[in-house]
Amino acid sequence: MSVKVKIPTQLRSVAGGDAEVDVDGAETVGEALEHLFERHGELRERMLEDGELRRFVNVYLNGEDVRFLDGLATAVPAGAELTILPAVAGG
Amino acid sequence: MGATGLTCRECKAPYGLEARYVCDRCFGPLEVAYELDTTLDVGERRRRIQAGPQNIWRYSDFLPLEAPPGPSARTLSRTGLPAGCTPLIRADRLADRLGLREVWVKNDAANPTHSFKDRVVAVGAARAREMGYDVLACASTGNLANAVAAQAAALGMESYVLIPSDLEEQKVLATGVYGTNLIKVRGTYDDVNRLCTELSGERENWAFVNVNIRPYYAEGSKTLAYEIAEQLGWRVPDTIVCPIASGSLYTKIAKGFEEWLDLGIAEGSAPVMHGAQARGCSPVATAWDDGKDVCRPVKPDTIAKSLAIGNPADGPYALDLARRSGGSIASVDDEEIRAGIRLLAETTGVFTETAGGVTTATLAKLAEEGTIDPDESVVLVITGEGLKTLDAVRDTFASFEIDARLDSFLDEVESVGAAR
């Protein structure tokens, strides 16, 4: 079961320059991110604080903010797309 | 220019004055840092301002531009739309109605596209041009759409304006007319914002004023504070009531006053800052009521569409400001918003949009509760124009339709005791 994770420009330098990464075998958003962190360790500290998403990091599952769902515990269906974006835009 | 760099509001990491809005380390927002010339005395600083043009560029010493545009008119194509220098109106009848002594209305509907957004866009667009961008873009709830489309037209730049597809028709028409690329997105403002955040990473020559140019753009809101202080005779009012959508305007107004108090340009002390939200989209007011220091995002459902941001970027800073200034963040429902529009219109002659209804209704509520002391001087920040949200006042008043005959007037109007 593969999930596509889209990396924002601000994080690509610590993700080997990748704009997209496919991860396999993830049941939840948190697991998908764990798989991503196994590949690119520096991303963990950039995105998480005390095991939770940092205040200014948004993660969207197929366009929906995971904070409206079950956060990192949200189940990810096969073929889902996870988008990581900075939260400080708009207004 | 007094601006020296960008600093992360969270981890304080420093950056140059670049096209960057997010801290690489912690994703926190970046803010412009200044080092102002302390050798100028207060009189000299005030004279420099007074000698400036009748628009926001009179405050260029405090804005992050290398070469501020200066006066407008004959050089419009180089300077863009001249924003600012809007009226500050003494509102005695509104004050009487609310049992207050001194209330002022800062009417920012008197900007070129009828909202405060002309200020931020003027600064954002000028900085974007300095950094070599050739396309102007934004995610907007409507007012920003008007401002970006018009500013781009004045500057001869191409523009892309992205809005939620359900915006008020007036705001859509008043955007498209400028010849922009108008994109209606099926979704909420927060969906539009997410799309623009993604797009800004993919279009390197596009300046999204409220995404990748946001640190510069946001500084434009400080000019509201400078103007209020200058118009009050270099004095800071006791209390400000201001709407909150992303929280940027609310926090930057406070920053503007603080800067001038630090430099001695304005007298007084930092104002009490009250924030106003619509009940149908009140993530900041809810966090305030719950004593939280971060906001939980919401799905907006309110007639105040210009304030319908469910995930406010500056929410945590707005909460912090309300706390440290001794203010509050309140919300009002749609009926109160309509009543707020009417109250302002009937007592001051200023017709504001729904956001102004939110702000006026919040002032009324704070006055009634006694949160605002009758002796405080209060400035009500009116950010936009009533003609943009006409549906909000439809069917809120009665009118007569008669034949053009005197007896028709006497029978049908005067006999029912109206029109006196």
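This is a short walk through two chains, A and B, in a predicted model.

Okay, let's start with chain A. Chain A has 3 helices and 7 strands. If you follow the sequence along, the order comes out as β-α-β-α-α-β-β-β-β-β, so you can tick the elements off on the structure as you go. What about its overall dimensions? The radius of gyration of chain A is 12 Å, close to the 12 Å that the globule rule gives for 91 residues, so chain A is as compact as a globular protein of that length. If you prefer a box, the C-alpha atoms of chain A fill one of roughly 35 × 30 × 25 Å along the principal axes.

Now, how do A and B meet? Chain B puts 29 residues into the contact, and chain A puts in 20 residues. Which element of chain B gives the largest share of its side? That's helix α7 of chain B, residues 189-202, with 6 residues. Sorted by class, chain B's side of that contact has 15 nonpolar, 9 polar and 5 charged residues.

Let's move inside chain B. The domain assignment splits chain B into domain 1, which is 88-114 + 221-392, and domain 2, which is 117-218. Taken over C-alpha atoms, the centres of these two domains of chain B are 24 Å apart. Where they touch, 23 residues of domain 1 of chain B contact 18 residues of domain 2 of chain B. Helices α9 and α10 of chain B each bring at least two residues to the domain 1 side. By class, that domain 1 side counts 8 nonpolar, 10 polar and 5 charged residues.

Those two helices deserve a look of their own. For a packed pair, people quote the angle between the axes and the distance between the axes. Here, α9 of chain B is residues 222-231 and α10 of chain B is residues 248-263, and their axes come within 7 Å and cross at roughly 50°. Why call α9(B) and α10(B) oblique? Angles of 65 to 115 degrees count as roughly perpendicular and those under 35 as roughly parallel, and the crossing is at roughly 50°, so α9(B) and α10(B) are oblique to each other. Their crossing is right-handed.

And who makes the contact? From α9(B) you've got B:Lys222, B:Leu224, B:Ala225, B:Tyr226 and B:Ala229. From α10(B) there are B:Lys252, B:Ile253, B:Lys255, B:Gly256, B:Phe257 and B:Trp260. By class, this helix pair's contact has 7 nonpolar, 1 polar and 3 charged residues.

Definitions and conventions:
Residues numbered from 1 in each chain as written. Chains lettered and ligands numbered in written order. Predicted model: local features only at pLDDT ≥ 70, side-chain atom pairs only at ≥ 80, totals over all residues. Axes fitted to C-alpha atoms, helices over the stretch in contact; angles between N-to-C directions. Helix = DSSP H or I, 4+ residues; strand = E, 2+ residues; numbered from the N terminus. Parallel < 35°, antiparallel > 145°, perpendicular 65-115°, else oblique. Left-handed = near helix turned anticlockwise from the far one by under 90°. Contact = placed C-beta atoms within 7 Å. Nonpolar A, V, L, I, M, F, W, Y, C, P; charged D, E, K, R; others polar. Domains from an automatic or database assignment. Rg over C-alpha atoms; globule rule 2.2 N^0.38 Å.
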